[in-house]
Amino acid sequence: MAPTEHLIDTLADQGWAVSDGIIDTSLRHGLYTECTQAWASDAFRQAGIGRLATHTLDTQIRGDAICWIEPGPADQPSSQFLQWAAELKQDLNRLLYAGLHSAEFHFARYPAGQGYKKHRDQHQGQRHRKLSLVLYLNPQWTAADQGELCLYDPQDENREVARILPQPGRLVLFRSDLFPHEVLPCTRTRWSLTGWLRTDRA
Ligand code: OGA
Ligand code: MN
C-alpha cells in the first residue's frame, strides 16, 4: 500500500496515525531552514491559549512560539508542503469522505524546558478543526531530548494511548475532536510544523 493510503487507513481504524517516511528528506530540511530563518528574522510570536476575548499567554500551560505559514513563492519549502497537504486533504476526502475544505499551518518552536499541557485542539470557536497534523523538523532527536507528544484515550483522559518521540520527519495525524494530548517538556529546542485540516472554507 502507498504510504499515504496506509496512513489514512490507520487513521480511519484508530483515530490517529504516525508515519516516518512520508515527507521527502530534502523538503523536511528545507522546512527546517525556512523556520529557523523565520525565527532569526523575528517572525515568531508567543503562542496563546483560547481565542479572541479569552486569549491569554501562559507559558506554564503552553510554552511554544509560532509563525503562521502564508502562501508564498512556489519554490519555497512551505509552499511545497502546502501543496502536499492539499493533496492529502483530497485523498482524505476521496477515501474517508472527510469533508475537508481548508487548512491552516504554523511553525512552532518550543525552547528547552517548555511543553504544552493536556488539551484538545477543538475548543470553543474552533469546531471546524477536524484533523490535527504535526511534522517534526529537528535534524536530530533522541529519547534524552524528550518533548514527546502524548495522546490520551478519548473515553478516559488519564489513559495514555501513545507517546510519540518528535523524531526527524515523523508526521502525526489525529482526530482534533477526540484526543486529549500533551507535549512533554523538551530538553532542547524543538521545531515542528503543526496545523489543522478543517471542514469550513478558508
Ligand atoms: C498543538 C500541539 C503537538 C506537538 O500545537 O496544539 O498539540 O507534538 N502540538 O507539537
Ligand atoms: Mn494540540
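**Exercise 1.** Classify Gln-146 by its relative accessibility, place Gln-146 in the chain, and describe its backbone.

*Solution.* At a relative accessibility of 36%, Gln-146 counts as partly exposed, where buried means under 20% relative accessible area, exposed means over 50%, and partly exposed lies in between, with a 1.4 Å probe and protein chains only. Gln-146 belongs to the loop between β6 and β7; helices (H or I, at least four residues) and strands (E, at least two) are DSSP runs numbered from the N terminus. The backbone of Gln-146 has a positive phi of about 55°, although Gln-146 is not a glycine. Most residues other than glycine have a negative phi.

The structure is a predicted model, in which local features need pLDDT of at least 70 and side-chain atom pairs count only at pLDDT 80 or more, while totals for chains, interfaces and linings use all residues. Residues are numbered from 1 along each chain as its sequence is written, chains are lettered from A and ligands numbered from 1 in the order in which they are written, and side-chain values use heavy atoms, with hydrogens and water left out.

**Exercise 2.** Carry out the corresponding analysis for Tyr-97, giving its phi, its loop and its accessibility.

*Solution.* Tyr-97 is not a glycine, yet its phi is positive, at about 50°. Tyr-97 is found in the loop between α3 and β4 (102-110). With a relative accessible area of 71%, Tyr-97 is exposed.

**Exercise 3.** Determine which parts of the chain are tied together by the salt bridge of Asp-145 and Arg-188, and by that of Arg-120 and Glu-157.

*Solution.* A salt bridge is a side-chain nitrogen of Lys or Arg within 4 Å of a carboxyl oxygen of Asp or Glu, and a search of the whole structure finds 12 of them.

1. The side chains of Asp-145 and Arg-188 form a salt bridge at 3.2 Å, N to O. Asp-145 lies in the loop between β6 and β7 (149-153) and Arg-188 in the loop between β10 (181-183) and β11 (190-198), so this pair ties together parts that are 43 residues apart in sequence. Asp-145 is buried, at 10% relative accessible area, whereas Arg-188 is partly exposed, at 32%.
2. The side chains of Arg-120 and Glu-157 form a salt bridge at 4.0 Å, N to O. Arg-120 lies in the loop between β5 (116-119) and β6 (129-136) and Glu-157 in strand β8 (residues 156-164), so this pair ties together parts that are 37 residues apart in sequence. Arg-120 is partly exposed, with a relative accessible area of 32%, and Glu-157 is partly exposed at 38%.

**Exercise 4.** State whether Arg-198 and Asp-200 are buried or exposed, and find the network to which their salt bridge belongs.

*Solution.* The side chains of Arg-198 and Asp-200 meet in a salt bridge at 2.9 Å, N to O. Arg-198 is buried at 16% relative accessibility, and Asp-200 is buried at 18%. Salt bridges with shared partners join Glu-104, Arg-129, Arg-198 and Asp-200 into one network.

**Exercise 5.** Describe how helix α2 packs against helix α3, and list the residues that meet.

*Solution.* Helix α2 (residues 25-40) and helix α3 (residues 77-96) pack at an angle of about 130°, and their axes are 8 Å apart. The two helices are therefore oblique to each other. Within α2, Leu-27, Gly-30, Leu-31 and Glu-34 meet Pro-77, Ser-78, Gln-80 and Phe-81 of α3, where contact means heavy atoms within 4.5 Å. The residues of this contact divide into four nonpolar, three polar and one charged.

Notes:
Axes are lines fitted to C-alpha atoms, for helices over the stretch in contact, and angles run from 0 to 180 degrees between N-to-C directions. Angles under 35 degrees count as roughly parallel, over 145 as roughly antiparallel, 65 to 115 as roughly perpendicular and the rest as oblique. Ala, Val, Leu, Ile, Met, Phe, Trp, Tyr, Cys and Pro count as nonpolar, Asp, Glu, Lys and Arg as charged, and the others, Gly among them, as polar.
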